[in-house]
Amino acid sequence: MHIVVVNRWPRFADGVRWDNELTRYEDFLDHVGNQVSYIVDANGAAGVLVGEPLIAHLEQVEDVNDVALLRAAVRRTAERVGRVDRLIALSEFTLGVAAQVREDLAIPGPTTAEVARYRDKVRMKQVLADAGIRVPRFVSCGSPDQVRAFADRYGFPVVLKPVDGAASIGVHKVADPAALDQVLASIDLSGYEVEEFVDGTIYHVDGYADGEARIDFQVVSRYVNDCLSFAGGAPLGSVVVQRSELRARIEEFTQRCIEALALRTTPFHLELFVTADDELVFLEVGGRVGGAEVPHLLNKLFGINLYEVWLRALAEQPVPSLVKVGDPSGGWLVVPKPDRCVRVVEAGSMRAEVPIIWRELLPAPGEVLDPGGSYDAVHSGRFIVLHDDEHAAEAGIRKIIDDFCFEAVPV
């Protein structure tokens, strides 16, 4: 089998940053029994650590998320090595691009229609609503007047978001008509949807669905703050939820969603609301491994690396056991960096005050932090905590939020 991996993630050998340490292609894909090629961008080149003799072919392009560039690179790889049997991409931003290239070049694997069920926020909610699952009321943004009519009908606040976005990039929570006019004047509505604001606590569920859309492994977590607040400068974290009646309801709800969406042979990251009257409302789902510290925490707690499971399954290799042993808890927290370029004066360790910290990543004094970047960038502080009790884990997270000391000066 000729497997082509599209990689845009670096790995770090400094012993400090753990970003992407779980995406060890060289450990999870058989490079001897298969021919394994790679297509990377500049960052992704630092994430391919297989010895050169074991790589069938390596292509570097400027942007792996450019359909034309990726398609041309796959063609060159096929000319060099032979027919491509699998085209694998793990990044959420590359899933749709890879699906398009598969269709263009007749490569087996998820199609654009299949990927749309977990990349297109309108499509996923249409499918679930048709299956009788509660979703926020929504509509594609056809025109400013259509958005205003939606807000008039369902009331403020409303939420505008890109249909294929992630990490709350480009999302706007709009409080009133004047604010809506400002937002409508600042964005291109093509590719946006508007939906009702649902007031509730946000949970996320991370797991793996097999070839029959059955969930073999899932972990429920409760957010501390939310992704949209993080985009506005607030800390973001979550805590793993232990056995309870609510967790059982969320697990059953998640299975219904995954079956309705027909997510197969894929990890997933599903988000939902639990309202004040305990109604469960779908928010969105991604057909990929959860971001931030989620995969690292789950691997530590349960010994299950979702990247390993996904890669082995896609390559038709035996996958590790997905049996969840025990009922531990833990959590993570990311304190975002400032929204302007700064030089760090101090980022104080919290290990002494919060001894349940397993991992802590802090910028060094004098380090310059540029704005932007995903959850796994170097931020003001990143923390993973472990505890046998979810309430103690959450208390540790909240203590970090309250007491963490970060000082910086503008550059």
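1. Let's start with a helix pair: E92, F93, L95, G96, A99, Q100 and E103 of helix 3 are in contact (heavy atoms within 4.5 Å) with T112, A113, V115, Y118 and R119 of helix 4. The residues of this contact comprise six nonpolar, three polar and three charged; here Ala, Val, Leu, Ile, Met, Phe, Trp, Tyr, Cys and Pro count as nonpolar, Asp, Glu, Lys and Arg as charged, and the others, Gly among them, as polar.

2. A word on the source: this is a predicted model, where local features need pLDDT of at least 70, side-chain atom pairs count only at pLDDT 80 or more, and totals for chains, interfaces and linings use all residues. Residues are numbered from 1 along each chain as its sequence is written, and side-chain values use heavy atoms, with hydrogens and water left out.

3. Back to the pair: the axes of helix 3 (residues 92-105) and helix 4 (residues 112-119) come within 9 Å and cross at roughly 165°. Helix 3 is therefore roughly antiparallel to helix 4 (over 145 degrees, on a scale from 0 to 180 between N-to-C directions).

4. Now to strand 2 (residues 35-40), which holds S37. S37 counts as buried (under 20% relative accessible area, 1.4 Å probe, protein chains only) because its relative accessibility is 0%. Its side chain makes a polar contact of 2.8 Å (N or O atoms within 3.5 Å, one able to donate a hydrogen and the other to accept it) with that of H2.

5. Finally, helix 5 (residues 121-130) has K121, V122, M124, K125, V127 and L128 as its buried residues. Their cover includes helix 4, strand 5 (138-140) and helix 9 (245-261). At the N-terminal end of helix 5, D120 acts as a cap, with a side-chain oxygen 2.9 Å from the backbone nitrogen of V122.

Note on methods
Helices (H or I, at least four residues) and strands (E, at least two) are DSSP runs, numbered from the N terminus. Angles under 35 degrees count as roughly parallel, over 145 as roughly antiparallel, 65 to 115 as roughly perpendicular and the rest as oblique. Buried means under 20% relative accessible area, exposed over 50%, partly exposed in between (1.4 Å probe, protein chains only).
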